[in-house]
Amino acid sequence: KEEESKEEESKEEESKEEESKEEESKEEESKEEESKEEESKEEESKEEESKESNDLEFEFDEEEFAEFIHFKPEDDEEEDINYIDYYDSYQDETGLPEAIQTGIGELNGIPLAIGVMDFGFIGGSMGAVVGEKITRLIEYATKNSLPLIIVCASGGARMQEGIVSLMQMAKISSALYDYHYKSVEKELLYISILASPTSGGVTASFGMLGDIIIAEPDAEIAFAGKRVIEEVLKEEVPEGAQTTENLFEKGLFDLVLPRNLLKSAL
């Protein structure tokens, strides 16, 4: 009986072991099925992505298409400087609030309104502040019947301010129209002095609207600069074509005067 009971116990143990093995095998099979399902899902997602990329390939040649997210500009310190910081740095460097100084004074006892541009401040470029200061100077001169002198030294409109900078050309020209034709008491005199360089929107507006236009010797005076013309038109600009002496022969100025004679001539 004892031997029979032992045999039964051993059989039970064997059956239990077989059951446990079967359960383990079932678990392994279920795991394999889950992994297969995950693999199939991944393959489906890859297929969808490939379909999307195929759509792009249909619209763009592979060599011509580049993902924008992978495109990075070249490292440049100036790229990281925004316009406000750039503006502030020039104020600190030059000690000037803007690219032009305007005021009222006397020349040989004659009261007048004067504006002087400084090329050292962002290339003397004309932004909203420069345009407003010149306009208010002209309006003050109109109201008080004062002669007006503006000394120009500028690369033109300030491109950081976009269309606002270009609007200053029309605003200043309109103020000069009022200066010439709406003065009640007497006819007024506007003298434009062109220093080097004078170009762009300054040349195309108040720089060339003077009743008398005076240019300094050897000054570079133009609308578009030599490099820009050559790049756009693919034509070489002759040396000296944009200098004072050459343009004076074409009739653009009334006088060519060095600075040491300027005060007595004025």
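The points below concern the aromatic pairs, the nonpolar cores and the sheet of this predicted model.

1. Aromatic pairs. A search of the whole structure yields five aromatic pairs. One of them joins Tyr 86 to Tyr 90, and this pair is edge-to-face, with 5.2 Å from centre to centre and 75 degrees between the planes. Tyr 86 and Tyr 90 both belong to helix α2 (residues 83-94), where they stand four residues apart and are therefore separated by about one helical turn.

2. Burial of the two tyrosines. Tyr 86 has a relative accessibility of 25% and counts as partly exposed, whereas Tyr 90, with a relative accessible area of 19%, is buried. The value for Tyr 90 should be read with the cut-off in mind, because buried means under 20% relative accessible area.

3. The pair of Tyr 90 and Phe 121. The ring centres of Tyr 90 and Phe 121 lie 6.0 Å apart with the planes at 55 degrees, so this pair is classed as tilted; the edge-to-face class is reserved for angles over 60 degrees. The pair links distant parts of the chain, since Tyr 90 sits in helix α2 and Phe 121 in the loop between β2 (110-117) and α3 (128-143), 31 residues apart. Both Tyr 90 and Phe 121 are buried, and together with Tyr 83, Tyr 86 and Tyr 87 they form one aromatic cluster.

4. The largest nonpolar core. This core has 34 residues, of which Ile 134, Ile 138, Leu 148 and Phe 206 touch the most other members. Two or more residues come from each of α2, β2, α3, β3 (148-154), α4 (163-181), β4 (190-198) and β5 (212-215), and α3 gives the most, with five residues. Apart from its neighbours within four places in sequence, Ile 138 is in contact with Leu 148, Ile 172, Ala 175, Leu 176 and Tyr 179.

5. The second core. A separate core of nine residues includes Leu 107, Val 151, Ile 193 and Ile 214. Ile 193 and Ile 214 are also bridge partners, Ile 214 lying in β5, and the strands β4 and β5 pair in the parallel sense over four bridges.

6. The sheet. Six strands make up an open sheet with mixed pairing, in the order β1-β2-β3-β4-β5-β6. Its edge strands are β1 (100-107) and β6 (255-256), each of which pairs on one side only. Helix α3 packs on this sheet and touches β1, β2 and β3, while its direction makes about 25 degrees with that of β1.

Methods
Residues are numbered from 1 along each chain as its sequence is written. This is a predicted model: local features need pLDDT of at least 70, side-chain atom pairs count only at pLDDT 80 or more; totals for chains, interfaces and linings use all residues. Side-chain values use heavy atoms; hydrogens and water are left out. Rings of Phe, Tyr and Trp (its six-membered ring) pair if their centres lie within 6.5 Å; planes under 30 degrees apart count as stacked, over 60 as edge-to-face and the rest as tilted. Buried means under 20% relative accessible area, exposed over 50%, partly exposed in between (1.4 Å probe, protein chains only). A nonpolar core is a set of buried Ala, Val, Leu, Ile, Met, Phe, Trp, Tyr and Cys residues joined through side-chain atoms within 4.5 Å. Contact means heavy atoms within 4.5 Å. Two strands pair if DSSP finds at least two bridges between them. Axes are lines fitted to C-alpha atoms, for helices over the stretch in contact, and angles run from 0 to 180 degrees between N-to-C directions.
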